[in-house]
Amino acid sequence: MIGTTFDEPLHVLDLPQIYKKPSGTELLKALALLTLQPRTFGTSADVVKGPAVQPAGVTRYLTSIISSPLSWLDTEELREAVWDAASARLSERSGRTAMPAMSRIFNIPTSSGEDYTLTLHEPSLTSDNLGMKTWVSSYLLSRRLHKLLESPPELVPSGSTEPSTANTGKPLRALELGSGTGLVGLSFASLKGKAATIHLTDLPEIVPNLAHNAALNVELMNKTEATVTTGVLDWSITPNPLPTAEERFDVILAADPLYSPLHPKLLVDTINPWLSRGLDARVVVEMPLRDAYIPQVQEFRQRMTDLGLAVVEEGEEVGYDDWESASGDALAVKCWWSVWGWSEKV
Ligand SMILES: C[S@@+](CC[C@H](N)C(=O)[O-])C[C@H]1O[C@@H](n2cnc3c(N)ncnc32)[C@H](O)[C@@H]1O
């Protein structure tokens, strides 16, 4: 069985063999096991100790994947991801330390106890664009999401004129702001399945990789009957015309969205026109409590409150960023998650 920790290394023949036409997810999981220096957001207990697979035959295994047309896989994006991962594993074995890009695998807990697996492409880490990498608060939020989605709506705006989506049987409309590589939005999509649609958004330079990641996870999206779209939504541009009641969203998600003094105002000014005034409307955010950004977190809280939103649920948790500290240990990061709803008639 393929897992993340091993007492005994596997043999290369235990991995999915090309002649059996394994799925893209199975191949990417196997290729992740062959990473020589794994990086992880989890605690040290999640880190693979020593090689997960015995070295004998690994190079031939990787070559068999790279030379295969992978014609049974659903999309070109999935084929590219498998070839990229196999090439990267081969490069590591050629003494190359800097990879130009990588595909990473994330396990998303579900309420049934079965984990879903998402694959995300992260372009070069030397890129200046923060949305090209997956950040620790989105990892934590993606793991918490199944619990948050089960919470009953508690806050009800008095005298709201818009009906609750829960009562109409229509799919929930969700929007993610600053999606980056898409971990939170794609997790939400797979967890809600056909009960929701979600639009993943970011700046123009980030959206192509975001769309690529949505296509990369087509197997899981099809399996869960999820509906995902991607597009540009720049917080600094006021929508014109303003969204109608039908165009607004029941749920707005955002992870790690505040890292400039302008962001609290931009984010809240974006939430305002796009959030439904319905009974169950929710904003779900998670962000790191880094010292330098505490004033921005406080300003965000104040602006949300001024808008008429109130915290329904909140908490703090610690995650481990995938940047190592100077001592080589995983870097602990305290994060704040919160769920907001309308507190009064707006
Ligand atoms: C720190 S990254 C977090 C990405 C992702 N949510 C995660 O946690 O992995 C912040 C994201 O906000 C996006 N962003 C920053 N300013 C933005 C703006 N004005 N409009 C839309 N997105 C913006 C960035 O492009 C980036 O993807």
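Which ligand atom lies 3.2 Å from a polar side-chain atom of serine 138? The legends below begin with that contact and refer throughout to a predicted model.

**Figure 1. Polar contacts between the ligand and serine 138, glycine 178 and aspartate 202 in the predicted model.** The atom that lies 3.2 Å from a polar side-chain atom of serine 138 is an oxygen of the ligand. Aspartate 202 likewise places a polar side-chain atom by a ligand oxygen, at a distance of 2.5 Å. At glycine 178 the protein partner is a polar backbone atom, which is 2.8 Å from a nitrogen atom of the ligand. On its own the ligand has 590 Å² of accessible area, and the protein covers 95% of it.

**Figure 2. The shell of residues around the ligand.** There are 19 residues around the ligand. Those that come nearest are Trp135, Gly178, Asp202, Ala255 and Tyr259. Divided by class, the shell comprises eight nonpolar, seven polar and four charged residues.

**Figure 3. The second largest pocket, whose space is taken by the ligand.** This pocket holds about 580 Å³ of space. Its lining consists of 32 residues, and Leu130, Asp202, Trp235, Asp256 and Tyr259 lie nearest the pocket centre. Helix 6 (183–192) and helix 9 (263–274) are the elements that give two or more residues to this lining. By class, the lining has 13 nonpolar, 11 polar and eight charged residues. Asp202 and Tyr259 appear both among the residues that come nearest the ligand and among those nearest the centre of the pocket.

**Figure 4. The largest cavity and its lining.** A search of the whole structure finds one cavity of 30 Å³ or more. The largest cavity has a volume of about 50 Å³. Asp256, Leu258, Met287, Pro288, Arg290, Tyr293 and Val297 form its lining. Five of these residues are nonpolar and two are charged, while no polar residue is present. Asp256 thus belongs to the lining of the cavity and is also one of the residues nearest the centre of the second largest pocket.

**Figure 5. The cis peptide bond between asparagine 240 and proline 241.** The omega angle of the bond joining these two residues is about 5°. Proline 241 is placed in the loop between strand 5 (227–232) and strand 6 (251–255).

**Figure 6. Backbone conformation at lysine 21.** Although lysine 21 is not a glycine, its phi is positive, at about 50°. Lysine 21 belongs to the segment before helix 1 (24–33).

Technical notes. Residues numbered from 1 in each chain as written. Predicted model: local features only at pLDDT ≥ 70, side-chain atom pairs only at ≥ 80, totals over all residues. Heavy atoms only, no water. Near = heavy atom within 4 Å. Polar contact = N/O pair within 3.5 Å; in protein donor to acceptor, adjacent residues only side chain to side chain. Areas by Shrake-Rupley, 256 points an atom, 1.4 Å probe, with all protein chains shown as cover. 1 Å grid on protein atoms, 1.4 Å probe; cavity = no way out; pocket = protein on both sides within 12 Å on 5 of 7 lines; lining within 4 Å. Sits in = over half its atoms within 2 Å of the grid points. Nonpolar A, V, L, I, M, F, W, Y, C, P; charged D, E, K, R; others polar. Points joined across faces, edges and corners; volume = space filled by probe spheres on them. Helix = DSSP H or I, 4+ residues; strand = E, 2+ residues; numbered from the N terminus.
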